[in-house]
Amino acid sequence: MSEFGEVPSGCWETARVDPNADFMGAESVFGYGSLTWKPPADTSEIKSFSLGYIKGWCRRFWQASVDHRGTPENPGRVVTILQGDHPDVQDPECVTAGMVYTMKDIEKILPALDFREKNGYTRTVVTVYEDAKCSVEKCKAILYYAQRGDDPAYTGPSSDKEVATIIANAVGPSGPNIDYLSNLMTWCKDKNVHDEHITTLAELAVSNSNK
């Protein structure tokens, strides 16, 4: 039992930290999944927030969830983010949009955020850009990603149909898995962000849930 809550079977006790990352000057958090609609901390801890983009990282629903949108017995699926040169994506020019939260005191909120991202995520740093062309740097930010090799929750590539079926049926402590996908799809529409992977899954998952 952590000070922040229970740790389900199969989870790390907290997110890992990239030993090669230079966190100096990183006062922001880049969110590409639930962090787009559910901030990394109470709003009183946030100095500002805005849309941002990172280059060379690809968002995929290839992370099992046993602590939020599923259970150890019936894992859900949530997004993770892979480096563009990862063998499962091989797209170094990939650009991913997300929310950037600049914190008043980043060190204060990290322990709880690391716990939130405990199911196989590693904390590192990235450069965030102002626009999708990634021509103007915005800030340096913390990012939680799928680690290569021993990430216990990383599923590897899965067909959209398989993922959508899981999402349509899984439920976890944070609620139905399909709500997670719906929230992410709503955020994309609100921010005029086109993500074909998310759009396809949303269509398939709704179709599955209506059967």
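These exercises work through the cores, one helix, one strand and some salt bridges of a predicted model.

**Exercise 1. Nonpolar cores**

Find the residues with the most contacts inside the largest nonpolar core, and say which helix gives the most to this core.

Solution.
- Step 1. The largest nonpolar core has 50 residues.
- Step 2. Phe 30, Ile 54, Phe 61, Met 103, Leu 143 and Leu 181 have the most contacts inside this core.
- Step 3. Helix α3, residues 177–190, gives the most to the core, with six residues.
- Step 4. A second core is separate and has seven residues, among them Cys 58, Trp 62, Cys 94 and Ala 146.

**Exercise 2. The faces of helix α2**

Decide how the buried residues of α2 are arranged around its axis.

Solution.
- Step 1. Helix α2 spans residues 160–169, and its residues Val 163, Ala 164, Ile 167 and Ala 168 are buried.
- Step 2. Viewed down the axis of α2, the buried residues fall within an arc of 135 degrees, so they line one face of the helix.
- Step 3. Lys 161 and Asn 169, on the other side of α2, are exposed.

**Exercise 3. Strand β7 and its partners**

Which strands pair with β7, and in which sense, parallel or antiparallel?

Solution.
- Step 1. Strand β7 covers residues 121–129, and eight of its nine residues are buried.
- Step 2. Strand β1 (residues 16–17) runs parallel to β7 and is joined to it by two bridges. Arg 16 has Thr 122 in β7 as its bridge partner.
- Step 3. With strand β8 (residues 137–146) the pairing is antiparallel, over nine bridges. Here Val 126 stands opposite Ala 141 in β8.

**Exercise 4. Salt bridges**

For the salt bridges of Lys 140, Lys 55 and Glu 117, give the partner and the N to O distance.

Solution.
- Step 1. The whole structure holds nine salt bridges.
- Step 2. Lys 140 pairs with Asp 22, with the closest N and O atoms 3.7 Å apart. Lys 140 is in strand β8 and Asp 22 in the loop between β1 and β2, 118 residues apart. Lys 140 is partly exposed at 27% relative accessibility, and Asp 22 is partly exposed at 48%.
- Step 3. Lys 55 meets Glu 93 at 3.2 Å. Lys 55 belongs to strand β3 and Glu 93 to the loop between β5 and β6, so the pair ties together parts 38 residues apart in sequence. Lys 55 is partly exposed at 41%; Glu 93, at 52%, counts as exposed because the cut-off for exposed is over 50%.
- Step 4. Glu 117 pairs with Arg 116 at 3.8 Å. Glu 117 is buried at 10% relative accessible area, and Arg 116 is buried at 15%. Glu 117 lies in the loop between α1 and β7 and also touches Ala 15, Leu 35 and Tyr 144.

Technical notes:
Residues are numbered from 1 along each chain as its sequence is written. This is a predicted model: local features need pLDDT of at least 70, side-chain atom pairs count only at pLDDT 80 or more; totals for chains, interfaces and linings use all residues. Side-chain values use heavy atoms; hydrogens and water are left out. A nonpolar core is a set of buried Ala, Val, Leu, Ile, Met, Phe, Trp, Tyr and Cys residues joined through side-chain atoms within 4.5 Å. Buried means under 20% relative accessible area, exposed over 50%, partly exposed in between (1.4 Å probe, protein chains only). Helices (H or I, at least four residues) and strands (E, at least two) are DSSP runs, numbered from the N terminus. The arc is that of the directions from the helix axis to the C-beta atoms. Two strands pair if DSSP finds at least two bridges between them. Contact means heavy atoms within 4.5 Å. A salt bridge is a side-chain nitrogen of Lys or Arg within 4 Å of a carboxyl oxygen of Asp or Glu. Lists of a residue's contacts leave out its neighbours within four places in sequence.
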